[in-house]
Amino acid sequence: MLFDCHAHVWWDSFSEDFDAVLERAKMAGVEKIIAPGTDLETSRRAVVLAKKHPKTIYAAAGIHPEEIPSLQDSPGLADARLNISASSRDLLSRRILELRQLITNNREHIVAVGEIGTDKNNEQLKNSIKEQMHLFREQCLLALEYDLPIIVHTRESLPETLEVLDTLPAMPPGQFHCFSYDEAGLSEILGRGFYVSFCGNISWSKRLQSILPTVPVERLLLETDSPLMMPRDKKGDPIDLSLRNEPANVRILAQIIADLRGVSLQDIGAITTENAQRLFHI
Ligand SMILES: [Zn+2]
């Protein structure tokens, strides 16, 4: 059995042939999928899918750092402590309140707060890092309050991500998804008790392929990040020319991971499924 811990199956490109996507996943041995939202609307969609497909799809609710509206500080409104404007903070507070309501009303279908975190991948994102850290922190607090693990997105922003985590009243359990850092980054993450997963990047990055065997197997999870991060073949071409990744492809990644670790696909499937069930209380 395989468990895709990160697939945005609420994405519009899945709406036409959703049942076929699920069927192909089942045929590939993928019996469970976590669908993380990236804003309030998609978190709601994830909950709808979880209600419709109990014991197969589980929802995570959260606001992704890339959703931060590009609000500029208004002169005179800057909050000295957070260095973000009062108007930005008000807007984010309203979003958090809505997220709280969504979780309260659907607690039994929601297994994590995610996808949340920080991102400094481009100039616009770099400029909103203070707002991102504020939003990430608020959502971590929500996770602690509801006793939920977090699903963390961090790109070019590990120090900022760790800074938020290290100043929480307690470290929440969780998953660092789509791992892209080095050995030092990995040990920072593992040292804080987190689980780690790789997505399509493990099919082409030699650097990540050399790091993967050093992840303790009891901390490893599988994910596709569908419909993004399509795995590539040995020549570097996408394995599917439709360019839409889907949960069935977690089998391809599981095979790559099994080969890199010198174990069987069945073993990797069994252990990572057990890990996911332990982390997400499924
Ligand atoms: Zn994602």
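# Zinc site and pocket: a chat over a predicted model

Biologist: What volume does the largest pocket have?
Modeller: Keep in mind that this is a predicted model. Rolling a probe the size of a water molecule over the atoms shows where empty space is left. For the largest pocket, the volume comes to about 410 Å³.

Biologist: How many residues line the largest pocket, and which lie nearest its centre?
Modeller: By class, its lining has seven nonpolar, nine polar and six charged residues. The full lining is 22 residues, and the ones nearest the centre are Glu115, His153, Arg155, His177 and Asp225.

Biologist: Which element gives the most to the lining of the largest pocket?
Modeller: Strand 5 (150–155), helix 8 (201–204) and helix 9 (206–211) each put in at least two residues. The top contributor, with three residues, is strand 5.

Biologist: Which residues are the protein donors of the zinc ion?
Modeller: Along the sequence, the donor residues follow the spacing H-x1-H-x106-E-x109-D. Their donor atoms lie 2.2 to 2.5 Å from the zinc ion. With atoms named, they are His6 (NE2), His8 (NE2), Glu115 (OE) and Asp225 (OD).

Biologist: Why does the arrangement around the zinc ion count as irregular?
Modeller: A tetrahedral call for four donors needs all angles between 85 and 135 degrees, and a square planar one needs opposite donors over 155 degrees apart and all others between 65 and 115. Here the four donor atoms subtend angles that make the arrangement irregular, and the range is 82 to 174°.

Biologist: How many residues apart in sequence are the parts that His8 and Glu115 tie together?
Modeller: Both of these zinc donors are buried. His8 sits in the loop between strand 1 (2–4) and helix 1 (18–27), while Glu115 belongs to strand 4, so the pair links parts whose separation in sequence is 107 residues.

Biologist: Is strand 4 mostly covered or mostly open, and how many of its residues are buried?
Modeller: Strand 4 has partners: three bridges join strand 3 (residues 57–61) to it in parallel, and five bridges join it to strand 5, also in parallel. The strand, residues 110–119, is mostly covered, and its buried count is ten of ten.

Biologist: Which residue of strand 4 is the bridge partner of Ala59, and which residue in strand 5 stands opposite Thr118?
Modeller: For the pairing of strand 3 with strand 4, the partner of Ala59 is Ile110. For strand 5, the residue opposite Thr118 is Thr154.

Biologist: What is the omega of the peptide bond from Gly114 to Glu115?
Modeller: Most residues other than glycine have a negative phi, and most peptide bonds are trans. The bond from Gly114 to Glu115 is cis, and Glu115 is in strand 4. Its omega is near 15°.

Biologist: Where does Pro227 lie, and what is the omega of the bond from Ser226?
Modeller: Pro227 is in the loop between strand 8 and helix 10. The peptide bond from Ser226 to Pro227 is cis, with omega near 0°.

Biologist: Is Asp225 buried or exposed, and what is its phi?
Modeller: Asp225, one of the zinc donors, is found in the loop between strand 8 and helix 10. Its relative accessibility is 6%, so it counts as buried. Although Asp225 is not a glycine, its phi is positive, near 60°.

Biologist: What is the phi of Met229, and how does its accessibility class come out?
Modeller: Met229 is found in the loop between strand 8 and helix 10. Met229 is not a glycine, yet its phi is positive, about 55°. At 26% relative accessibility, the class is partly exposed.

Biologist: How far apart in space are Thr224 and Asn201, C-alpha to C-alpha?
Modeller: Thr224 lies in the loop between strand 8 (220–222) and helix 10 (250–261). With 0% relative accessibility, Thr224 counts as buried. In sequence Thr224 and Asn201 are 23 residues apart, and in space the separation is 9.7 Å.

Biologist: Which residues of strand 7 point one way, and which the other way?
Modeller: In a regular strand the side chains alternate between the two faces of the sheet. Strand 7 runs parallel to strand 6 (residues 174–176), with two bridges joining them, and Phe176 has Val196 as its bridge partner. All four residues named here are buried: one way go Tyr195 and Ser197, the other way Val196 and Phe198.

Technical notes
Residues numbered from 1 in each chain as written. Predicted model: local features only at pLDDT ≥ 70, side-chain atom pairs only at ≥ 80, totals over all residues. Heavy atoms only, no water. 1 Å grid on protein atoms, 1.4 Å probe; cavity = no way out; pocket = protein on both sides within 12 Å on 5 of 7 lines; lining within 4 Å. Points joined across faces, edges and corners; volume = space filled by probe spheres on them. Nonpolar A, V, L, I, M, F, W, Y, C, P; charged D, E, K, R; others polar. Buried < 20%, exposed > 50% of the residue type's maximum accessible area, 1.4 Å probe, protein only. Pairing = 2+ DSSP bridges. Donors = N, O, S within 2.8 Å, 3.2 Å for Na, K, Ca; no water. Tetrahedral: all angles 85-135°; square planar, octahedral: opposite > 155°, others 65-115°.
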